[in-house]
Amino acid sequence: MVAQNKGEKAQPGAAAAAAAEAKKATKKAAENINSRLALVMKSGKSTLGYKTALKTLRSGKAKLVIISSNIQPVRKSELEYYAMLSKTGVHHYTGNNVDLGTACGKYFRVSVLAITDPGDSDIIKAMPSE
């Protein structure tokens, strides 16, 4: 418990409210990313998968790379390295590869998504640089 001044009262629900607010914000951000991903898949161009993402990064065509949370660490660092060399943005998706595949509108797992043309979506501008 944090030391309190004599005039202050303890608010036991304040920490729980702050945690709920943070959870709500991350859920809203995930929904925002998912809706932008759906628009990219509909109107833009992208490549799914590790091998094709590396090819687009090497050729310099990728504008943004989205990596799922449960990708192998070696692959993750390799993708980040190639993205750094090609000056491409990297976004670490909060969900696993099943969630990323569902967000792309596919019925299979997607560990890496490389966006070459965003189409009508503003996903590249909206992603904070990490």
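Which residue with a positive phi follows α2? In this predicted model, the residue that follows α2 is G60, whose phi is positive, near 80°.

**Helix α2 and its two sides**

The helix α2 spans residues 50-59, and its buried residues are Y50, A53, L54, T56 and L57. When the helix is viewed down its axis, these buried residues fall within an arc of 165°, so they line one face of α2. The face turned away from this buried side carries the exposed residues K51, K55 and R58. On the buried side, the residues of α2 pack against β1 (45-48), β2, α3 (73-85) and β4.

**The nonpolar cores**

The largest nonpolar core has 14 residues, and those that touch the most other members are L37, I66, Y93, L100, I115 and I123. At least two residues of this core come from each of α1 (12-43), β2 (64-67), α4 (97-103) and β4 (112-117), and α1 gives the most, with three residues. A second, separate core consists of 13 residues, among them A53, A62, L79 and V112. A53, which is included in this second core, is also one of the buried residues of α2.

I66 shows how residues from distant places in the sequence come together, for when its neighbours within four places are left aside, I66 is in contact with L37, H91, Y93, L100, S111, V112, L113, I115 and I123. One of these contacts, V112, is included in the second core.

**Two lysines in loops**

K106 and K87 are both found in loops, and the table sets out the location and relative accessibility of each.

| Residue | Loop | Relative accessibility |
|---|---|---|
| K106 | between α4 and β4 | 32%, partly exposed |
| K87 | between α3 and β3 (89-92) | 75%, exposed |

Why does K106 count as partly exposed? The relative accessibility of K106 is 32%, and partly exposed covers values between the 20% limit for buried and the 50% limit for exposed. Not counting residues up to four places away in sequence, K106 touches M41, L48 and G101. In the case of M41, the two residues are 65 residues apart in sequence, while in space K106 and M41 are 9.9 Å apart, C-alpha to C-alpha.

K87, by contrast, counts as exposed, because its relative accessible area is 75% and exposed means over 50%. The backbone of K87 also deserves attention, since its phi is near 55°, a positive value in a residue other than glycine. Most residues other than glycine have a negative phi.

Key. Residues are numbered from 1 along each chain as its sequence is written. This is a predicted model: local features need pLDDT of at least 70, side-chain atom pairs count only at pLDDT 80 or more; totals for chains, interfaces and linings use all residues. Side-chain values use heavy atoms; hydrogens and water are left out. A nonpolar core is a set of buried Ala, Val, Leu, Ile, Met, Phe, Trp, Tyr and Cys residues joined through side-chain atoms within 4.5 Å. Buried means under 20% relative accessible area, exposed over 50%, partly exposed in between (1.4 Å probe, protein chains only). Helices (H or I, at least four residues) and strands (E, at least two) are DSSP runs, numbered from the N terminus. Contact means heavy atoms within 4.5 Å. The arc is that of the directions from the helix axis to the C-beta atoms.
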